[in-house]
Amino acid sequence: MSDFNLADHPHRRYNPLSGEWVQVSPHRAKRPWQGQVEKVCETNRPTHDASCYLCPGNTRANGKQNPNYEHTFSFVNDFAALQPDIPSGNVNEDSLFIAKSERGICKVICFSPRHDLTIPEMDLPSIKKVVDLWVEEYDILGKLDFISYVQIFENKGSVMGCSNPHPHGQIWAQESIPDEPKKKGEQLLDYFNKHKKTLLQDYLAKELEKNERILFENDHFVGLIPFWAIWPFEAMIISKRPVANLLGFTEEERASLADAYKTLTTLYDNLFEVSFPYSAGIHQAPTDNQSHPEWHFHMVFYPPLLRSATVKKFMVGYEMLANPQRDITPEQAAQTLRSLDLEHYRTRR
Ligand SMILES: O=C1CCN([C@@H]2O[C@H](COP(=O)(O)O)[C@@H](O)[C@H]2O)C(=O)N1
C-alpha cells in the first residue's frame, strides 16, 4: 500500500465536466510571498452616486437616461461586444484561416438601485428579484431563433476588471455555444448516455456523502468547492434537483437559489473581511431548440484571492503553458470557508 495521499503529495485531478486536469501541490502552500500586493480599497460608497452610469435616473455614457428603478433594471449594453443585426459570413482558407460571423445580444443587469450594496449585503427578497430577472431574460433571449446560448455572469471587484462597483451583472446571448459550456455539454451528454442520470446528480450525492468539500446546503441547492477546483476558493452552487435550465425551477427553488447566492458570497466576504472579488456565472442548457436532459443547472465562482485581501493567485507561466495549478487543496479551502460566520462582517461591526 503506497503512502501516497492527496493532502501531502503533488498530484493531478481530473475535471469530468471539462475533461481537463489541474495540478495540485499541497506541500507548497507555506512558501513566503514577496510578490505583488493588491491594495484594499474598502471605501464606503454612497447609496446613490450622481456620476454612476448604472444608478437610477442617471444618464449613461451614450446619453440614454436610466429610469428610477426600485428593484432590478436591465438594458442592452451600450458598448455591446455582440450585435443582433450584422451580415453573416464565413472564411475558410486551407482549414488554416477559419472565421465566421457571430450575432448576439449583450445586456447589463442592475441588481439593485443602491450603489453601495453587493449581493451579500442585499436582503433575500431583493436577490430573489435578481434571480427572477435572470429567468425572464433567459426565457426572452433563448426564444430568439438565432440565439443558441445565454451566458449569465457577474464580474465583481475592480481586480476582476469590473468597471463599476454598482451591483450588476451581464448577459451575453449568442448564436454559437461558447467553448466552456460546449465542452461541459459534451461531457454531460457522454455521462448521461452511459448512466441515464446527470453527472452532477451522481457527483452531488457522493460529495454530500463524503462531506469533505461541502460549504453549505439549503432545501434545493448545495454550495461546495469542487474536487477539481482550480482557483484557491473556486466554488459551485448545484441544484439538488437535476434541472436543465432556469425555466425549470419553481418559485421556491428560485428563492432557494437567492439564499445560496447570498450564503456563498457572505462566506467569501467574511474570509478576509473584504468585499471578495470574483467572476461568477451560470452554466445551463443551450437554447438551441433541442431537449437537454443531460444538463444540470449550476453556478461557478472563480475568485482570484489566494491568501489575504491583497494576495491573489496568478494564472501565469506554467498555468498558461501547461496546466492550471493550485497549492492549497480544495479540501483545505472548503474547511476554511465553512468554518466562517454566516453573518456578514460589516453587520457584525
Ligand atoms: O453607459 C454605460 C456604461 C457602462 N456600460 C456597460 O456596463 C458594463 C459594465 O459591466 P462590467 O463592469 O462587468 O464590465 C460594461 O460592459 C459596459 O459596456 C453601458 O452599457 N453603458
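The questions below concern a predicted model and cover its ligand, an annotated site, a small sheet, an aromatic pair and a domain.

Q: Which residues come nearest to the ligand?
A: The ligand is surrounded by 14 residues. The nearest of these are Ala61, Asn77, Asp78, Ser163 and Gln170.

Q: How far does a polar side-chain atom of Asp78 lie from a nitrogen atom of the ligand?
A: A polar contact requires N or O atoms within 3.5 Å. Ala61 places a backbone N or O atom 2.9 Å from a ligand oxygen atom, and Ser163 places a backbone N or O atom 2.7 Å from a ligand oxygen atom. Asp78 instead uses a polar side-chain atom, and its distance to a ligand nitrogen atom is 2.6 Å.

Q: How much of the area that the ligand exposes when taken alone does the protein bury?
A: The shell around the ligand is made up of six nonpolar, six polar and two charged residues. Taken alone, the ligand exposes 470 Å². The part of this area buried by the protein is 86%.

Q: Why can the residues that UniProt lists for "binding site" be said to gather at one spot?
A: The unreviewed UniProt entry lists Cys52, Cys55, His115 and His166 under "binding site". They span 115 residues in sequence. They nevertheless gather at one spot, because no two of their C-alpha atoms are more than 8.1 Å apart.

Q: Where is Cys52 found?
A: Cys52 is one of the residues that the unreviewed UniProt entry gives for "binding site". Strand β2 covers residues 20-24, and β3 covers 73-76. Cys52 is found in the loop between β2 and β3.

Q: Which strands are the edge strands of the open sheet with the order β1-β2-β16?
A: This sheet has three strands and mixed pairing. Strand β2 and β16 run parallel and are joined by two bridges, with Gln23 opposite Gln325 in β16. The strands that pair on one side only are β1 (11-15) and β16 (325-326).

Q: How many residues apart in sequence are the parts tied together by the pair of Tyr203 and Trp228?
A: The whole structure holds 16 aromatic pairs. Tyr203 and Trp228 form a tilted one, 4.5 Å centre to centre with 40° between the planes. Tyr203 belongs to helix α3 (residues 199-210) and Trp228 to the loop between β10 (221-224) and β11 (235-239), so the pair ties together parts whose separation in sequence is 25 residues.

Q: How far apart do the end C-alpha atoms of residues 188-348 lie?
A: The unreviewed UniProt entry lists residues 188-348 as "domain: Galactose-1-phosphate uridyl transferase C-terminal". The span is 37% helix and 20% strand. Its end C-alpha atoms are separated by 42 Å.

How values were computed
Residues numbered from 1 in each chain as written. Predicted model: local features only at pLDDT ≥ 70, side-chain atom pairs only at ≥ 80, totals over all residues. Heavy atoms only, no water. Near = heavy atom within 4 Å. Polar contact = N/O pair within 3.5 Å; in protein donor to acceptor, adjacent residues only side chain to side chain. Areas by Shrake-Rupley, 256 points an atom, 1.4 Å probe, with all protein chains shown as cover. Nonpolar A, V, L, I, M, F, W, Y, C, P; charged D, E, K, R; others polar. UniProt positions renumbered as here; feature names shortened; annotations may be inferred. Helix = DSSP H or I, 4+ residues; strand = E, 2+ residues; numbered from the N terminus. Pairing = 2+ DSSP bridges. Phe/Tyr/Trp six-rings, centres within 6.5 Å; stacked < 30°, edge-to-face > 60°.
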